[in-house]
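Me: I'd like to learn how to read a structure like this one, feature by feature. Can you take me through it?

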Protein chains: 2
Amino acid sequence: MGRRRQSVTIKHVAAHAGVSLQTVSRVINKEPNVRPEMMQRVQESIAALGYVPSIAAQRMGGSRSYLLLALNDRDRTIADWRKREGSDWIDQMLLGGMLTCAQHGYRMIFELVDTHSDHIERELSAALAALQPDGVILTPPHSHNPMITDLLEKAGIAFARIGSLRDGGGFRLTMGDEVAARDATMHLVGLGHRRIGFIAGPTDYELSHWRVEGWRWTMETAGLSADGLLANGDFSYASGIAAAKQLIETGATAIVASNDQMALAAIAEARDCGMEVPRDLSVVSFDDTPVVRFHHPPLTAIAQPIAEVTARAAELLITTAADARDRAPVEVPARLVVRESTAAVPSDR
Amino acid sequence: MGRRRQSVTIKHVAAHAGVSLQTVSRVINKEPNVRPEMMQRVQESIAALGYVPSIAAQRMGGSRSYLLLALNDRDRTIADWRKREGSDWIDQMLLGGMLTCAQHGYRMIFELVDTHSDHIERELSAALAALQPDGVILTPPHSHNPMITDLLEKAGIAFARIGSLRDGGGFRLTMGDEVAARDATMHLVGLGHRRIGFIAGPTDYELSHWRVEGWRWTMETAGLSADGLLANGDFSYASGIAAAKQLIETGATAIVASNDQMALAAIAEARDCGMEVPRDLSVVSFDDTPVVRFHHPPLTAIAQPIAEVTARAAELLITTAADARDRAPVEVPARLVVRESTAAVPSDR
DNA sequence: ATGAAAGCGCTAACAA
DNA sequence: TTGTTAGCGCTTTCAT
């Protein structure tokens, strides 16, 4: 492999421009106290030599590393990749995160960490020690894992928590899950449905509760009973089947599912029961991953703005000073996309 | 942000173990000339203190960076992410690349670079200078871009080229495109088809030609005419529509498309012509992204082993010494997955 | 087999 | 406003 040294360093630039290292450094970091003409000269030299700072050296100098770490749950992510069910959660995170980082001269590194494992602290510490990122983006279920947030807090590393509102430091971002669930439910109410079932997500996700609350609130407000219309799921297709079975038996004419897979399962289960969607049963899903658009019929869904929320998280981490932490949560609202899996309630129901 | 220094460094370990910095360094890097008892002692200290080397510092010292860079085409990748058509090429690369890197104590960083831009050299140089990766994984169309390969060659950075067999240094890996195209075509021949159309990919992808060759060879070998049965596409849905139109007019009873989007387009176009798949037209696609399994009917497809080929690329970069370069290309074969978009040729044709 | 010294490219603290 | 000095944590020399 041999030792590969930086071909053009800050030294070369300094020599070329006839200034000190420090002046070059100041220009690179856009620090004050540099005369415009100096800055001009240095920038010309930088361009002429094609100089790019080494982030390793920058980090060693004690400043920022210009690295953001996006942390996802290892088991879930790998399982999703292997299943190839068309979820593009990760892609959308990369889209929002990488582009935003690039705009600010940062880079986003994507990493997987176990949530459940007991050596999680060691694993995370290792990643932090090795990479020394300036900030960390957390997604559920990491977002509200105290082992993780405490560690980050102690290490003094900025972090953003997507999908969590609990205490625990860092920036909090949501996609307005409760409002989204209201919108989905209202849409069905507007179509004349009175028995609207809800398939909840796993209870260890905060957003599962928010979504249930949105549904419950709308049912109450519309003067509808929610009795027997809440079924538990865990985001898996299998759990969606079971939940749908239960809801169909209860006589639901519409179902809101907390993710796409459970929504697809609900439709499949409905078919098994001889029902057709949306004629006999309306279904709304959460997430709006690509498969629901290619499904027949295309699903009415809550589209989660994953790219946008990740972009906001990155921006907060990069641009917000340490003293401005613990601000109010940022909400990037999801929106309802009406397609063909929802229709007016059958007149005989 | 404040300066955040490494909490436990090689110095602490050295002090704890009562040895010199150098001995610790030797243990970390598994170098020879360390007595087992010394090694033992040092490793205990490392474990006790929870020490993890800083890759920034390692890199500064002149050693490896333990970073691999996966380079993809910016425009195409971002366009794919935005379209949300369910392609999981990137996810599969991450799956194969990240896991393999992790096994070897490496990290994979995913980056986007413009192919067409004239400032490509600057862009790539910047990424290399900033990150100083030990190796780079190239995908089409970067794989055979001389601007990129020459730059890497000159910089002395190991690289792997997926989907290219041209000269240009580095490791070459393919997914056996020609054989895959043969398999797809043979499958159709076996079903009795004689007029088998082929929708080619863009000509600036080497693999487009390989796939055409596989089809052509099979047609010849089976004693079938290929006249008028080759249509050009560019991987886009729109181009698939046009190509399918042409092939259907020519009287093709089966079509092999060079990617999923064009295959889906072919099916849509067939429907527009009042034909049903697979009754009136059989279709085989390349890639096997998730959407084709959720499509109705599910598509018979060539499944590209992206995760595996990326894993192999990473492994080659990490484990192969510099003197073992320019070896024979590595082929990770794709395989045909038969689903419901192919059937026997109609008896009246 | 082990240790001491020098330096990687950069930034922070200080001085001028 | 600018330059000088001293590290950052690690790996390479080169001694011992």
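Me: Which elements each supply at least two residues of the surface near DNA strand D?

Reply: Some ground rules to begin with. This is a predicted model, where local features need pLDDT of at least 70 and side-chain atom pairs count only at pLDDT 80 or more, while totals for chains, interfaces and linings use all residues. Residues are numbered from 1 along each chain as its sequence is written, chains are lettered from A and ligands numbered from 1 in the order in which they are written, and side-chain values use heavy atoms, with hydrogens and water left out. As for elements, helices (H or I, at least four residues) and strands (E, at least two) are DSSP runs, numbered from the N terminus. A residue is near a strand if one of its heavy atoms lies within 4 Å of it. Here α2 (21-28) of chain A does the job, along with α1 (10-17), α2 (21-28) and α4 of chain B.

Me: Which residues come nearest to DNA strand D?

Reply: A:T23, A:R35, A:M60, B:I10 and B:Q22, out of 30 residues around DNA strand D. On the DNA side, sugar and phosphate make up 68% of the strand D atoms that come within 4 Å of the protein.

Me: What classes of residue does the surface near DNA strand D have?

Reply: Ala, Val, Leu, Ile, Met, Phe, Trp, Tyr, Cys and Pro count as nonpolar, Asp, Glu, Lys and Arg as charged, and the others, Gly among them, as polar. By that scheme, this surface has 15 polar, nine nonpolar and six charged residues.

Me: How do I read individual polar contacts with the DNA?

Reply: Look for a pair of N or O atoms within 3.5 Å; within protein, one must be able to donate a hydrogen and the other to accept it, and residues adjacent in sequence count only if both atoms are side-chain atoms. A polar side-chain atom of A:R35 sits 2.5 Å from a phosphate oxygen of DNA strand D. For B:Q58, a polar side-chain atom is 3.5 Å from a phosphate oxygen of that strand. A:G61 uses a backbone N or O atom, 3.3 Å from a base oxygen of DNA strand D.

Me: Now the empty space. How many cavities of 30 Å³ or more does the search find?

Reply: Rolling a probe the size of a water molecule over the atoms shows where empty space is left. On a 1 Å grid over the protein atoms alone, a cavity is a set of points where a 1.4 Å probe fits but cannot get out, and lining residues have an atom within 4 Å of a point. Grid points are joined across faces, edges and corners, and a volume is the space filled by probe spheres set on the points. The search finds three. The largest holds about 140 Å³, and A:I55, A:A56, B:I55, B:A56 and B:L67 are the closest to its centre among 15 lining residues. That lining has eleven nonpolar, two polar and two charged residues.

Me: What lines the second largest cavity?

Reply: Chain A gives A:L94, A:M98, A:M108, A:I109 and A:F110, and chain B gives B:L94, B:M98, B:M108, B:I109 and B:F110. By class, that is ten nonpolar, no polar and no charged residues. The space is about 40 Å³.

Me: Why is α14(A) described as largely enclosed?

Reply: Buried means under 20% relative accessible area, exposed over 50%, partly exposed in between (1.4 Å probe, protein chains only). Ten of the 14 residues of α14(A) are buried, so the rest of the structure largely encloses this helix. Among them are A:I306, A:V309 and A:L317.

Methods:
On a 1 Å grid over the protein atoms alone, a cavity is a set of points where a 1.4 Å probe fits but cannot get out, and a pocket is an open set with protein on both sides within 12 Å along at least five of seven lines; lining residues have an atom within 4 Å of a point.
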